[in-house]
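User: I am in my first year and would like to learn how the words used for a protein model are justified. Could you take me through the reasoning, step by step?

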Amino acid sequence: MRVRNKPWSKDKIAEHPEVLIPNPENYKGKWRELFGNDHPLHLEVGAGKGQFILGMARQYPLINFIGIEIEESIIVSALEKWLEEPQPNVLLLHKNAQHITEFFAEHELDEMYLNFSDPWPKRRHEKRRLTYAEFLKSYKAILKSKGKLNLKTDNQGLFEYSLESFSKHGLQLEQISLNLHASDYTENVRTEYEEKFSKKGHCIYRCEAVFLQ
Ligand code: SAH
């Protein structure tokens, strides 16, 4: 994702703690209390500019969504979109997903989404891929038993790597599409990258994987 320098991002983020939660560790195990209901809790890792999570929240008002994004100048765009149309079932975290087990209690989440994650194609960068073993371990800890991981990408290398990594680490593949936009999956909400890459003619790959225990 293109990162523009936005010196005002920090202030803007600090001004909206009602949606961009400054100390998520304080809510570990208490996200449902914060939302004020016991609806299912879904997390998107690498939420970018927020189009997907805000679209999902609109489509599924009885699900609570949290988006985590590491880049300040990117999450500020998600914040701006939220401010244009505040949605009570969305919260945002400006954090590194490497630390998610500090923000969520064991089995607190129902589903997770990884959309167009950075592919890190070089072998020596494998550990940075969001479907690397260590990340899967942390997702397993915070997802409920049989919790689902949803993945979309246009990157064949990352897709193949992820399918293999899921199979090696106890996830069962439930749905696989090699051309999402030609499939009968009609409830799809497009991300920013998904729009950009499909316009360029790339196929979109998608899978759903479930932690078996
Ligand atoms: N999901 C969006 C953005 C995809 S680009 C879309 O589909 O349009 C991948 C995003 O993941 C970038 O915004 C990047 O900053 C973010 N990201 C990468 N590593 C991350 C990490 N460890 N924690 C949180 N966000 C991360």
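Analyst: Let us start with Glu208, which has a relative accessible area of 9%; the model is a predicted one.

User: Why is Glu208 called buried?

Analyst: The word buried is used for a relative accessible area under 20%. Glu208 has 9%, and therefore it counts as buried.

User: What makes the pair of Glu208 and Lys148 a salt bridge?

Analyst: A salt bridge needs a side-chain nitrogen of Lys or Arg within 4 Å of a carboxyl oxygen of Asp or Glu. The N to O distance between the side chains of Lys148 and Glu208 is 2.9 Å, so the pair meets that condition. Glu208 lies in strand 7 (residues 205-211) and Lys148 in strand 5 (residues 143-153), so the salt bridge ties together parts that are 60 residues apart in sequence.

User: How many salt bridges are there in the whole structure?

Analyst: The search finds nine of them. One of these joins Lys81 and Glu192, whose closest N and O atoms are 2.8 Å apart, and this pair links distant parts of the chain, with Lys81 in helix 4 (residues 72-84) and Glu192 in helix 8 (residues 192-199), 111 residues apart. Another is formed by the side chains of Glu194 and Lys152, at 2.6 Å from N to O. Glu194 lies in helix 8 and Lys152 in strand 5, so here the parts tied together are 42 residues apart in sequence. Both Glu194 and Lys152 are buried. There is also a network, in which salt bridges that share partners join Arg32, Asp110 and Lys144.

User: Why are Lys81 and Glu192 given different words for their accessibility?

Analyst: The cut-off for buried is under 20%, exposed is over 50%, and partly exposed is in between. Lys81 has 29% relative accessibility and therefore counts as partly exposed, whereas Glu192, at 18%, counts as buried.

User: What makes Asp154 a buried residue without a salt bridge?

Analyst: The nearest side chain of opposite charge belongs to Lys200 and is 7.7 Å away, while a salt bridge needs a distance within 4 Å, so the condition is not met. Asp154 is found in the loop between strand 5 and helix 7 (156-168), and its side chain makes a polar contact with the side chain of His202 at 2.8 Å. A polar contact requires N or O atoms within 3.5 Å, and 2.8 Å falls inside that limit.

User: How do you know that the structure holds zero disulfides?

Analyst: A disulfide is a pair of cysteine sulfur atoms within 2.5 Å. The sulfur of Cys203 is 15 Å from the closest cysteine sulfur, which is in Cys207, and this is too far for a bond. Seen from Cys207, the closest cysteine sulfur is in Cys203, again at 15 Å and too far for a bond. As for their accessibility, Cys203 counts as partly exposed because it has 35%, whereas Cys207, at 0%, counts as buried.

User: Which residues come nearest to the ligand?

Analyst: There are 17 residues around the ligand, and those that come nearest are Gly46, Glu69, Ala97, Thr191 and Tyr193. An N or O atom in the side chain of Glu69 is 2.6 Å from an oxygen atom of the ligand, and a polar backbone atom of Tyr193 is 2.9 Å from a ligand oxygen atom. A nitrogen atom of the ligand is 3.2 Å from a polar backbone atom of Ile70. Taken alone, the ligand exposes 570 Å², and the protein buries 92% of that.

User: What is notable about the phi angles of His107 and Phe116?

Analyst: Phi of His107 is near 60 degrees, a positive value in a residue other than glycine, and phi of Phe116 is likewise positive, near 55 degrees. His107 lies in the loop between helix 5 (100-103) and strand 4 (109-115), and it is partly exposed because its relative accessible area is 45%. Phe116 is found in the loop between strand 4 and helix 6 (133-142), and at 8% relative accessibility it counts as buried.

Technical notes
Residues numbered from 1 in each chain as written. Predicted model: local features only at pLDDT ≥ 70, side-chain atom pairs only at ≥ 80, totals over all residues. Heavy atoms only, no water. Buried < 20%, exposed > 50% of the residue type's maximum accessible area, 1.4 Å probe, protein only. Helix = DSSP H or I, 4+ residues; strand = E, 2+ residues; numbered from the N terminus. Near = heavy atom within 4 Å. Polar contact = N/O pair within 3.5 Å; in protein donor to acceptor, adjacent residues only side chain to side chain. Areas by Shrake-Rupley, 256 points an atom, 1.4 Å probe, with all protein chains shown as cover. Lys, Arg positive; Asp, Glu negative; His and termini not counted.
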